[in-house]
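Q: I'm new to reading structures and would love a close look at a single part of this one. Could you pick a stretch, show me what surrounds it, and explain the terms as you go?

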Amino acid sequence: MLEHDAGLPDELVQIRETTRRFMQRDVKAAEDQVPHDAFELPAHLLEPLRDKAKAMGLWAARSPTELGGGGLSLLAAAVVAEETAKCRMGAYIPACGATGSNPPAPVLLGTREQIERFAIPAIREGRKAFVAISEASGGSDPARSIRTRAVLKGDRYVLNGAKMWITGAATASWGLVFARTGEQGQRGGITCFIIDGRPKGMECREIPVIRSYSPYEVVFNDVEVPVEHRLGEEGQGFALCEKWLVEGRIPYAAGTIGIGQAALQIAIDWAREREVFRSKLADKQAIQWMIADSDMELRAARLLVHEAARRGDAGLNFKTESSIAKVVATETAGRVVDRCIQILGAMGVSKELPLERWYREMRIKRIGEGPSEVHRMVLARELINAGNA
């Protein structure tokens with residue numbers, strides 16, 4: 001492979017190599033048995049992979065070991081995320097689901113009963129959860145856009161409203177919903193609730209998009225939520241998940257780098273073998289520069305992701321670094337996949353290869369976890385206001 005270790009300690013290089021072998025030998029063999037646009041593996045292929053991932057310590061990488069997870073550092077999780085993205089499904093389903101998933105971190109701050117009922121089964125059994133924040137009125141400014149409301153009536157809250165672009169809502173075992181309990185426009189007026197299964201009054205409507213599987217609109221019509229399923233106190237919704245939102249951008253960004261790296265390897269292999277105008281494609285300067293630019297940009301993006309992860313592991317504020325890493329990585333990966341398609345020509349958009357699927361997925365990555373423009377806006381404000389007391 002092309003990437004350099006970028007100062008990784010030996011144990012993380014070993015984790016990377018273990019994950020890479022698992023992906024190449026086991027996950028790819030399973031994924032090759034399903035259609036190009038498949039977004040899940042059948043149980044008879046998935047379960048053996050999950051058993052292997054658990055044995056290798058790759059299961060639920062960021063979840064605490066005492067709850068059944070891998071207990072990896074944020075930097076280690078970034079290294080794993082880069083490798084587990086290197087499959088057709090990898091942009092949104094790392095390792096085709098073989099490495100499980102971490103529950104939304106806010107639930108780990110809940111009561112012991114909430115942790116035992118929701119977090120532990122999610123970690124140990126791979127049960128899926130959804131997170132519902134965005135609404136039709138906008139997802140980038142939740143303080144003003146959230147209109148779903150929760151009203152306390154006796155020992156229950158009653159939820160009314162709708163959420164948009166919610167991944168996995170129809171198949172999840174449970175989820176977190178952020179609803180307004182205070183005045184419109186107040187970030188502190190938002191509360192988080194745990195939704196158990198599909199309660200009466202909750203509807204999921206598929207929203208077709210350019211990728212191979214779709215998010216959902218989730219509608220709440222007088223959905224009752226027991227008080228004991230409120231996560232934290234009223235008005236603490238965003239305070240509970242702020243660290244999780246910042247941290248989540250690290251594996252998100254690392255995964256896009258993995259896709260870009262895999263695409264670049266495909267393009268290099270093709271350029272080495274393809275002959276045009278009496279010489280190899282790899283001998284053409286235009287192709288050489290596309291390959292060189294892609295490698296340089298991926299290296300730079302990886303360093304930014306690792307820097308942000310290291311700051312997080314050190315307990316430092318890494319909100320800005322996380323945003324920078326997310327923007328640079330997602331935009332870099334999009335450019336790299338685009339260049340690789342260009343190098344392969346018509347074969348690049350053929351479904352014989354994963355490039356066209358990755359191209360669609362990378363376009364979404366610039367929007368998810370906060371659009372690039374919002375991160376730029378926040379960074380610019382910090383730079384402009386620096387030193388203004």
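A: Buried means having under 20% relative accessible area, while exposed means over 50% and partly exposed lies in between (1.4 Å probe, protein chains only). This is a predicted model, in which local features need pLDDT of at least 70, side-chain atom pairs count only at pLDDT 80 or more, and totals for chains, interfaces and linings use all residues. Residues are numbered from 1 along each chain as its sequence is written, and side-chain values use heavy atoms, with hydrogens and water left out.

Let's look at helix 3, which runs over residues 74-84. A helix here is a DSSP run of H or I with at least four residues, numbered from the N terminus. Helix 3 is mostly covered, with 11 of its 11 residues buried. Walk along helix 3 and you meet the buried residues Leu 74, Leu 75, Ala 76, Ala 77, Ala 78, Val 79, Val 80, Ala 81, Glu 82, Glu 83 and Thr 84.

What does the covering? Among the parts that cover the buried residues of helix 3 are helix 1, helix 6 (237-273) and helix 7 (285-313).

Now take helix 1 as a partner. The axes of helix 1 and helix 3 come within 9 Å and cross at roughly 25°. That makes helix 1 roughly parallel to helix 3. Axes are lines fitted to C-alpha atoms over the stretch in contact, with angles from 0 to 180 degrees between N-to-C directions. Angles under 35 degrees count as roughly parallel, over 145 as roughly antiparallel, 65 to 115 as roughly perpendicular and the rest as oblique. Helix 1 passes helix 3 in a right-handed crossing (the near helix is turned clockwise from the far one by less than a right angle; anticlockwise would be left-handed).

On the helix 1 side, the contact (heavy atoms within 4.5 Å) is made by Leu 12, Ile 15, Arg 16, Thr 19, Arg 20 and Met 23. From helix 3 come Leu 75, Ala 76, Val 79, Val 80, Glu 83 and Thr 84. By class, this contact of helix 1 with helix 3 has 7 nonpolar, 2 polar and 3 charged residues. Ala, Val, Leu, Ile, Met, Phe, Trp, Tyr, Cys and Pro count as nonpolar, Asp, Glu, Lys and Arg as charged, and the others, Gly among them, as polar.

Helix 1 (residues 10-31) also has helix 2 (residues 43-55) as a neighbour, with the axes coming within 9 Å and crossing at roughly 165°. Helix 1 and helix 2 are therefore roughly antiparallel, and their crossing is left-handed. Here Phe 22, Asp 26, Val 27 and Ala 30 of helix 1 meet Leu 45, Leu 49, Lys 52 and Ala 53 of helix 2. That contact of helix 1 with helix 2 has 6 nonpolar, no polar and 2 charged residues.

For one more pair to practise on, find helix 8 (residues 319-344) and helix 9 (residues 355-365), which pack at about 155° with their axes 9 Å apart. Helix 8 and helix 9 are therefore roughly antiparallel, and helix 8 passes helix 9 in a left-handed crossing. Residues that meet there include Ala 333, Val 337 and Ile 341 in helix 8, and Leu 355, Trp 358 and Met 362 in helix 9. By class, the contact of helix 8 with helix 9 has 9 nonpolar, 2 polar and 4 charged residues.

Key: Helix = DSSP H or I, 4+ residues; strand = E, 2+ residues; numbered from the N terminus.
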